[in-house]
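Here is a short tour for anyone meeting this structure for the first time. Take a moment to turn the model around, and then read on.

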Amino acid sequence: MLEALSMPFFQNALLAGALIAVAIGIIGPLSVANRMTFMSGGIAHATYGGVGLAIFMGWPVLGGAAAAALLAALLIAWISYHNLHRTDTVIGMVWAVGMAVGVILTDLTQGYHPDLMSFLFGSILAVNGADLWMMAAFDLILTALIWYFYYDLLALGFDPVFAALQGVKTRWLHLLLLVLTALTVVLAMRLVGLIMVIALLTMPAFTAERYARTLAGMMGVSFGLTLVYLLSGLFLAYRFDLSAGASVIMATAFGTIVFYIWNVKKG
Amino acid sequence: MSQTVAAIEARALSFDYAGYPALENVTFRVEEGDFLAVIGPNGGGKSTLLKLLLGVLKPTAGTVLLYGRPPQKADVSVGYVPQETGHNVDFPVTVGEVVAMGLLRTRTRWRRYSKEDEKRSLSALARVGMAEFLDRRIGELSGGERQRVLIARALAGEPKILMLDEPTASIDFSGQHEIFELLAELNQTMTVVVVSHDMSMVMGYARHALYVNKTALMHEIDAHTRYQIKKQLSGENGHYCGAEFWRDLGRAITCTKACEDA
């Protein structure tokens, strides 16, 4: 088992797991606190449309995914601002149509694409050095932005109407959160896959909410849990030759349920 | 201007929700230092009116003026207290952090609170009798305590007008009484506007009542009536029948024997 640590690809995967845990530890609590879980799910799934388009056109996949994720974020922000009738239904459409576009475009693409599944379910083989640098840079920018807007975000999550009366630009802040969520999804895609990322954004935050007194504390606990779940999931994936995303999610769900039962018993 | 400027003035105010009129031609004046109860049936437009006064909604027609200027431009500080619904008790935030949200405008250039801000938060919290709760998580408090924290948050900005939306809706009777005693005390230094569907309590404290049901009718509550209501409130059932008041508004109301005798 430990010989895995000496392999460069596995070192990359572990490092990527740690870097992604930072972004997910920050974005997850904000997504949960602002009731954006369904929106985040919509962004994650619609991103596959960009993956399909990039493969069809022969563009870099990461670029296509990022473009689609940002487009989905803008679209979902627009839908929720205009309070369209049945906002949830419309977001559900973005979710499914994005996915369908991706599947159809890859169907139409000639040749065999063995790594297609890895975009959906994640892979421990997929992360390279450039990805790591990108993740590290994103973590840095994300942390700086969240530090700067911390009290605005706190007010937005607790009481958006009051925050707006206090001069907080709640719409811009909400859009910023959706954009940061989109980028987090894209960066987590290679390791855990688009379908599974939503579980990582919600489950650690759900547990953290019970143990933290402040939003920053919730982010810290969320980061710690995500890190443990990601790393144990990656080891499981390596040991039993499983999909990285699915293994991480099973580890996450196991941890979440254990904490939940422990909490209920404690009263 | 020879006339003194009103704390709040609504002129021919109308508001439509998707073509359906929620308020029509509402005109009234609230003088500085008044205690106004905004009453009326659910769905009659009370909350809509409050949002117009706060500037959260823009009127379809007419104007709102706070000390002579529209809400968005008024340099007067308005403290807003929403209804405590307990919808966000799981949110990890401390009492002190919530109160500081009343000072979001005054932060330093790195969007941080100054020492001065922290002092103001603490003194606002002390004013509602909750200073020792500073570091508690908001979810650990009772509904009445949380409502007090929301009042402290509004007080932190040292408002000249305090506007409250159903501040006692989710609080038991004695808790309601305490909240209104607090508002009466605050009313000595600021104008207070309370939206409430619960006539019995608010009428014992307010000096004017604005009855809102699409249109609005201002009613003065004289000291004698207020005294009578308060006296009834301190009785066993703690409920104000309000027959005379409703008669004045042109509504017939049947009163119980006990109420007539009181």
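## A first look at chain B

Chain B has an average pLDDT of 86, with 85% of the residues scoring at least 70. These are confidence values because this is a predicted model. For the model, the scores are ipTM 0.90 and pTM 0.89. Confidence varies along chain B: among its elements, α2(B) has the highest mean pLDDT (97), while helix α9 (residues 257-261) has the lowest (51). Where pLDDT is low, the predicted coordinates should not be read in detail.

Chain B contains nine helices and nine strands. Of its 262 residues, 43% count as buried. Among the contacts in chain B with a separation of 6 or more, 68% are between residues 24 or more positions apart.

## One helix up close

Let us visit helix α3 of chain B, which runs over residues 115-127. This helix has 13 residues and reaches 19 Å from its first C-alpha to its last, close to the 18 Å expected at 1.5 Å a residue.

Which residues of α3(B) are buried? They are R120(B), S121(B), A124(B) and L125(B). These four lie on the same side of α3(B), because they cover an arc of only 135 degrees around the axis. An α-helix has 3.6 residues a turn, so residues three or four places apart point the same way. The cover over the buried residues of α3(B) includes α2 (95-100) and α4 (143-156) of chain B. On the face turned away from the buried side, α3(B) carries the exposed residues K115(B), E116(B) and K119(B).

Just after α3(B) comes G129(B), with a positive phi of about 70 degrees. Further on, E132(B) sits in the loop between α3 and α4 of chain B. Is E132(B) buried or exposed? E132(B) counts as exposed because it has 10 C-beta neighbours inside 10 Å. The C-alpha atoms of E132(B) and D16(B) are 45 Å apart, and 116 residues separate the two along the chain.

## Two residues with a positive phi

A12(B) has a positive phi although it is not a glycine, and E158(B) likewise has a positive phi without being a glycine. The table sets out their details.

| Residue | Phi | Place in chain B | C-beta neighbours and exposure |
|---|---|---|---|
| A12(B) | about 45 degrees | strand β1 (residues 8-17) | 12 within 10 Å, exposed |
| E158(B) | about 45 degrees | loop between α4 and β6 (161-165) | 15 inside 10 Å, partly exposed |

## The core and the partner chain

In soluble globular proteins, nonpolar side chains tend to be buried together. Here, the largest nonpolar core has 162 residues. Those with the most contacts inside this core are I20(A), I43(A), V197(A), V38(B) and M163(B).

What is V38(B) in contact with, leaving aside its neighbours within four places in sequence? Its contacts are then K46(B), L49(B), L50(B), V193(B), V194(B), V195(B), L210(B) and V212(B).

Finally, look at where the two chains meet. On one side are 18 residues of chain B, in contact with 24 residues of chain A. The residues on the chain B side divide into 10 nonpolar, two polar and six charged.

How values were computed:
Residues are numbered from 1 along each chain as its sequence is written. Chains are lettered from A and ligands numbered from 1 in the order in which they are written. This is a predicted model: local features need pLDDT of at least 70, side-chain atom pairs count only at pLDDT 80 or more; totals for chains, interfaces and linings use all residues. Helices (H or I, at least four residues) and strands (E, at least two) are DSSP runs, numbered from the N terminus. The expected span of a helix is 1.5 Å times one less than its number of residues. A residue is buried if 20 or more other C-beta atoms lie within 10 Å of its own, exposed if 12 or fewer, and partly exposed in between; C-beta atoms are placed from the backbone. The arc is that of the directions from the helix axis to the C-beta atoms. Two residues are in contact if their C-beta atoms, placed from the backbone, lie within 7 Å. A nonpolar core is a set of buried Ala, Val, Leu, Ile, Met, Phe, Trp, Tyr and Cys residues joined through C-beta atoms within 7 Å. Ala, Val, Leu, Ile, Met, Phe, Trp, Tyr, Cys and Pro count as nonpolar, Asp, Glu, Lys and Arg as charged, and the others, Gly among them, as polar. pLDDT is the predictor's confidence in each residue, from 0 to 100.
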